Amino acid sequence: MPSNSKSSKWLYIIIVLILSGTTIGMWYFRQGKPALASFREAQVNYTPHEGTLGNRTRFTLPDGTEILLNGKSTVLVPDNYAQTHTLLLDGEAWINTRNALKVVTNILTISNTAPAAFRIRCFEKQQGATAYLGSGTVLAAKSYHSTTDNQAETLGIGNMVLANKEIDLMEKETYQPAELDQWLRGELIFSDVPFMKAMQVLEEWYGAEIYVDGDVSGLQNVKGAYTNQSLEQVLKVMQQKMPFTYSLKGDKVKIKV
């Protein structure tokens with residue numbers, strides 16, 4: 001069993017990860033700064049693949065690497081990809097590859113030398129990052145220099161890694177494979193969840209920014225299952241069961257209760 005100290009540390013990480021998924025502080029990264037600017041190689045051009053708000057995007061690279069990209073996420077493919085086998089990611093993606101590959105985010109770097117599949121979530125505007133191994137074996141390391149620990153972790157089946165740059169911590173844990181399978185199938189399930197918690201889940205699931213205006217205390221808890229539905233489709237169904245309106249503007253969702 002984990003010690004009370006470790007439990008408290010994990011509770012802090014979880015809280016930070018959840019809060020970092022909200023809209024707080026997002027203005028800083030809306031100032032025209034290129035994604036992952038400090039990780040780009042000089043004199044190398046990058047082709048962006050971008051996920052649209054509220055949807056997932058699938059594409060395949062020339063070497064057969066398959067990518068499922070979440071909303072508001074970006075994969076940067078360098079012109080020298082055939083030589084470096086390196087991708088830059090700002091956001092969340094599932095990557096299935098038969099080849100040696102390195103995926104760099106601003107917090108975590110995931111690399112493999114044999115066929116592997118993994119899900120990684122790391123938005124540049126956030127302090128937390130997660131990675132889940134689906135198959136094969138990968139090496140998880142910090143993308144930045146740590147003053148306390150730069151030791152990489154080897155992830156096997158059933159392993160995940162949680163990292164938080166603010167407190168300079170990266171630890172390997174286990175997870176329930178069924179949760180990853182559900183995410184891959186696009187099955188979003190709410191089991192009697194408070195409205196604001198449901199909105200946080202939607203932010204994380206779709207990579208969205210959701211602003212809620214009004215008193216939600218009178219709204220019923222959210223129940224229901226949605227499979228491969230867009231964010232707007234989910235909101236339309238919820239709207240039939242409770243009194244709120246919503247609007248989509250740019251990369252933001254505004255909900256009025």
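How many bridges pair strand S7 with strand S10, and in which sense do the two strands run? In this predicted model, S7 and strand S10, which covers residues 138–142, pair over 4 bridges in the antiparallel sense.

## Strand S7 and its partners

Within the pairing of S7 and S10, a position that can be looked up in the structure is serine 111, which stands opposite leucine 139 in S10. S7 also pairs with strand S6, residues 101–104, and here again the strands run antiparallel and are joined by 4 bridges. In this second pairing leucine 101 stands opposite asparagine 112 in S7, and the link between S6 and S7 along the chain is a hairpin of 3 residues.

Strand S7 spans residues 108–112, and because 4 of its 5 residues are buried, the strand is largely enclosed by the rest of the structure. When looking at such elements, it helps to remember that side chains in a regular strand alternate between the two faces of the sheet.

## Threonine 86 in strand S5

Threonine 86 belongs to strand S5, which covers residues 86–97. Its relative accessible area is 18%, and since buried means under 20%, threonine 86 counts as buried.

The surroundings of threonine 86 can be described in two ways. Its side chain reaches the backbone oxygen of threonine 84 at a distance of 3.1 Å, and, when residues up to four places away in sequence are not counted, threonine 86 touches Pro78, Tyr81, Lys102 and Val104.

## Salt bridges across the chain

Side chains of opposite charge can pair when their charged atoms come close. The structure holds 6 salt bridges, and one of them joins the side chains of lysine 72 and glutamate 209, with 2.7 Å from N to O. Lysine 72 lies in the loop between strand S3 (66–69) and strand S4 (74–78), whereas glutamate 209 lies in strand S15 (residues 209–213), so this pair ties together parts that are 137 residues apart in sequence. Both partners count as buried, lysine 72 at 18% relative accessibility and glutamate 209 at 1%.

Strand S15 takes part in another such link, for the side chains of aspartate 213 and lysine 256 meet in a salt bridge of 3.3 Å, N to O. This pair links distant parts of the chain, with aspartate 213 in strand S15 and lysine 256 in strand S18 (residues 252–256), 43 residues apart. Aspartate 213 is partly exposed at 46% relative accessibility, and lysine 256 is partly exposed at 45%.

## A further pair and a network

Arginine 185 forms a salt bridge with glutamate 187, in which the closest N and O atoms are 2.9 Å apart. Arginine 185 is partly exposed, having a relative accessible area of 43%, and glutamate 187 is also partly exposed, with a value of 22%. Elsewhere, Glu92, Arg119 and Arg121 are linked with one another in a network of salt bridges.

## Lysine 197 in helix H4

Lysine 197 is found in helix H4, which runs over residues 195–206. At 38% relative accessibility, lysine 197 counts as partly exposed. Its C-alpha atom is separated by 9.4 Å from that of asparagine 221, a residue that lies 24 residues away along the chain.

How values were computed: Residues are numbered from 1 along each chain as its sequence is written. This is a predicted model: local features need pLDDT of at least 70, side-chain atom pairs count only at pLDDT 80 or more; totals for chains, interfaces and linings use all residues. Side-chain values use heavy atoms; hydrogens and water are left out. Buried means under 20% relative accessible area, exposed over 50%, partly exposed in between (1.4 Å probe, protein chains only). Two strands pair if DSSP finds at least two bridges between them. A polar contact is a pair of N or O atoms within 3.5 Å; within protein, one must be able to donate a hydrogen and the other to accept it, and residues adjacent in sequence count only if both atoms are side-chain atoms. Contact means heavy atoms within 4.5 Å. A salt bridge is a side-chain nitrogen of Lys or Arg within 4 Å of a carboxyl oxygen of Asp or Glu.
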